[in-house]
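Here is a friendly walk through one model, from its loops to its core. Please have the viewer open as you read.

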Amino acid sequence: MIERRVQVNSLFEPGEAALLVQTASKFNSRISLMHAEKTANAKSIMGIISLDIKGGQTVKIVADGEDEQCALPVLEEFLATATAKSA
């Protein structure tokens, strides 16, 4: 299991939650996001939305499984830089 904290880009919007779920779903590892004392499965749109993440906030990504070393940097990059409009 590995984890990292990342500051979410300043444009995190609902469309990005769907893209985040799609990105996380490409990996076999269990992936969770933690924010404000809540934890959500990164492969669940309702879970991600329930975290109510705003741009500029910090979240913790936790990856556990066979491809955790590949998954974590991809999700970290996504949260730090992606926008729904550019995807």
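Glu37 sits in the loop that links strand 2 and strand 3; helices (H or I, at least four residues) and strands (E, at least two) are DSSP runs numbered from the N terminus. With a relative accessible area of 87%, Glu37 is exposed; buried means under 20% relative accessible area, exposed over 50%, and partly exposed in between (1.4 Å probe, protein chains only). Glu37 and Ser25 are twelve residues apart along the chain, and their C-alpha atoms are separated by 23 Å.

This is a predicted model in which local features need pLDDT of at least 70 and side-chain atom pairs count only at pLDDT 80 or more, while totals for chains, interfaces and linings use all residues. Residues are numbered from 1 along each chain as its sequence is written, and side-chain values use heavy atoms, with hydrogens and water left out.

The chain averages a pLDDT (the predictor's confidence in each residue, from 0 to 100) of 91, and 93% of the residues score at least 70.

Now for two backbone details. Most residues other than glycine have a negative phi. The table lists two residues with a positive value.

| Residue | Phi | Loop | Relative accessible area |
|---|---|---|---|
| Ala36 | near 50° | between strand 2 and strand 3 | 58%, exposed |
| Asp52 | near 55° | between helix 2 and strand 4 | 46%, partly exposed |

Which residues of helix 1 (residues 14-24) are buried? They are Glu16, Ala17, Leu19, Leu20, Val21, Thr23 and Ala24. Their cover includes strand 2 (30-35), helix 2 (45-50) and helix 3 (68-81).

Helix 1 packs against helix 3 at an angle of about 170°, with the axes 10 Å apart; axes are lines fitted to C-alpha atoms, for helices over the stretch in contact, and angles run from 0 to 180 degrees between N-to-C directions. The two helices are therefore roughly antiparallel, a term for angles over 145 degrees. Glu16, Leu19, Leu20, Thr23 and Ala24 in helix 1 meet Val74, Leu75, Phe78 and Leu79 in helix 3, where contact means heavy atoms within 4.5 Å.

The largest nonpolar core (buried Ala, Val, Leu, Ile, Met, Phe, Trp, Tyr and Cys residues joined through side-chain atoms within 4.5 Å) has 25 residues, and Leu20, Ile61 and Leu79 are among those with the most contacts inside it. Strand 1 (2-7), helix 1, strand 2, strand 4 (58-64) and helix 3 each give two or more residues to this core. Beyond its neighbours within four places in sequence, Leu79 has contacts including Val6, Phe12, Leu20, Leu33 and Ile61.

Technical notes
Angles under 35 degrees count as roughly parallel, over 145 as roughly antiparallel, 65 to 115 as roughly perpendicular and the rest as oblique.
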